[in-house]
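Trainee: Please take me closely through one part of this fold, the central sheet, and then what packs around it. Keep it brisk, and tie the residues to their surroundings.

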Amino acid sequence: MADNTDRICAGRTVIVTGAGGGIGRAHALAFAAAGANVVVNDLGAELDGSPRTDSPAAQVAEEILELGGKAVVNGDDVADWAGAERLIKQAVETFGGLDVLVNNAGIVRDRMLVNLSEQEWDAVVRVHLKGHFATMRHAAAYWRAESKAGRPVDARIINTSSGAGLQGSVGQGNYGAAKAGIAGLTITAAAEFGRYGVTVNAIAPSARTRMTETVFADMMAAPDEGFDAMAPENISPLVVWLGSPDSAGVTGRMFEVEGGKVALADGWRHGVPVDRGARWEPAELGPAVRELIAKSTPPEPVYGA
């Protein structure tokens, strides 16, 4: 583990969902190195939903313990209402409280919309969007109770969106919709949870994972030498900082992070209107809409378009 000067989350208890591999594993190890107690959550499934014979969460927790950190394993399904509640309770009962929730768990069922099945839609929206909501809901209930009891709360939620949710992505309509939903959920939760001492932010990461290395194989390939910009470990420093006391006051924000780059994504904003002062006639709207488009900033291109 890191020395005390780097332990910006010392004593804090952190849940990381989907922490059995990829970005989630990197988050769990980074929080442990920063002094946190880590609940390593992972359902232990393959990308297609089939069960694994090993326990990736147990492997990550063991790695943390071997490095001198503190970690426990949780195998609950974050999109299961009772499972999400058990996850929060385990953190509180094991370490005496909860300070940070990192929602990272996800799956993909990539397919063009015209070929996408109802089951493929439901599975992706369930894990990503409901999986974020369920854990947030139970964590927020705990923090609200703490706040109402007069105990100080300095808590953090870090959600995981995606460029697919911010700009769209061809062949990922279900995934992009779920990730866009997470962006909207984040800003609403930030507005609601602030009164309890909780900040809520989200990241849109770009890194090599089980999901991205097959879809974007060339982009995600590790270089033969030099800085590996797509290494999942590059994402975690920002998430650890967002989980630390130093990030107090930063809330409702979407961060894009890739390699050594960190940026704030600027979401939907009100545009300058064309106001007729009365109800429009349909035929009159063509010139007005074209004027609005001509004066606006072009949207970011959709991935894969």
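Mentor: Contact here means heavy atoms within 4.5 Å. Keep in mind that this is a predicted model.

First, the setting. The protein chain holds 10 helices and 8 strands. Its C-alpha atoms fill a box of roughly 70 × 50 × 40 Å along the principal axes. The radius of gyration is 21 Å, which agrees with the value near 19 Å for a compact globule of 305 residues. Buried residues account for 44% of the 305. Contacts reach far along the sequence: of those between residues at least 6 apart, 71% join residues at least 24 apart.

Now the sheet. It is open, with 8 strands in the order S3-S2-S1-S4-S5-S6-S7-S8, and its pairing is mixed. Its edges are S3 (70-74) and S8 (261-264), each of which pairs on one side only. On average, neighbouring strands are turned by 20° against each other, direction ignored.

Look at the run from S4 to S7. S4 and S5 are parallel and joined by 3 bridges. Within that pair, Val102 has Ile158 of S5 as its bridge partner. S5 then pairs with S6, again in the parallel sense, over 6 bridges. Here Arg156 stands opposite Thr199 in S6. Next, S6 (residues 198-206) runs parallel to S7 (residues 254-258), with 5 bridges between them. Ala202 stands opposite Met254 in S7. Ile203 has Phe255 of S7 as its bridge partner.

Two helices pack on this sheet. Helix H3 (residues 81-95) touches S1 (13-16), S2 (37-41) and S3, and its direction makes about 150° with that of S3. Helix H4 (residues 118-148) touches S4 (100-102), S5 (155-160) and S6, and its direction makes about 175° with that of S5.

How covered are the strands that H4 touches? Take S5 and S6. In S5, 6 of 6 residues are buried. In S6, the count is 9 of 9. Side chains in a regular strand alternate between the two faces of the sheet. S5 follows this split: Ala155, Ile157 and Asn159 point one way, Arg156, Ile158 and Thr160 the other, and all are buried. S6 is covered on both faces too. Val198, Val200, Ala202, Ala204 and Ser206 are buried on one side of S6, and Thr199, Asn201, Ile203 and Pro205 on the other. So the residues named in the bridges return here. Arg156 is among the buried residues of S5, and its opposite number, Thr199, is among those of S6.

Move to the other end of the sheet order. Helix H2 (residues 56-66) has Pro56, Ala57, Val60, Ala61 and Ile64 as its buried residues. These cover an arc of only 135° around the axis, so they sit on the same side of H2. The general rule behind such spacing is that an α-helix has 3.6 residues a turn, so residues three or four places apart point the same way. What covers the buried residues of H2 includes helix H1 (22-33), S2 and S3. S3 is also one of the edge strands. Just after H2, Gly68 takes a positive phi of about 95°.

H1 leads to another buried site. Ala34 sits in the loop between H1 and S2. Its relative accessible area is 3%; buried means under 20%, so Ala34 counts as buried. Beyond its neighbours within four places in sequence, Ala34 is in contact with Asp6, Arg7, Ile8, Cys9, Ala10 and Val240. Glu93 makes a useful distance check. Ala34 and Glu93 are 59 residues apart in sequence and 21 Å apart in space, C-alpha to C-alpha.

Finish with a polar residue in a helix. Asn174 belongs to helix H6 (residues 173-193). Its relative accessible area is 0%, so Asn174 is buried. What does the side chain of Asn174 reach? The backbone oxygen of Arg109, at 3.1 Å. Setting aside residues up to four places away in sequence, Asn174 touches Arg109, Leu116, Glu120, Trp121, Val124 and Val125. H4 spans residues 118-148, and Glu120, Trp121, Val124 and Val125 are among the residues that Asn174 touches. That brings us back to H4, which packs on the sheet against S4, S5 and S6.

Notes
Residues are numbered from 1 along each chain as its sequence is written. This is a predicted model: local features need pLDDT of at least 70, side-chain atom pairs count only at pLDDT 80 or more; totals for chains, interfaces and linings use all residues. Side-chain values use heavy atoms; hydrogens and water are left out. Two strands pair if DSSP finds at least two bridges between them. Helices (H or I, at least four residues) and strands (E, at least two) are DSSP runs, numbered from the N terminus. Axes are lines fitted to C-alpha atoms, for helices over the stretch in contact, and angles run from 0 to 180 degrees between N-to-C directions. Buried means under 20% relative accessible area, exposed over 50%, partly exposed in between (1.4 Å probe, protein chains only). A polar contact is a pair of N or O atoms within 3.5 Å; within protein, one must be able to donate a hydrogen and the other to accept it, and residues adjacent in sequence count only if both atoms are side-chain atoms. The arc is that of the directions from the helix axis to the C-beta atoms. The radius of gyration is taken over C-alpha atoms; the globule rule is 2.2 Å times the number of residues to the power 0.38.
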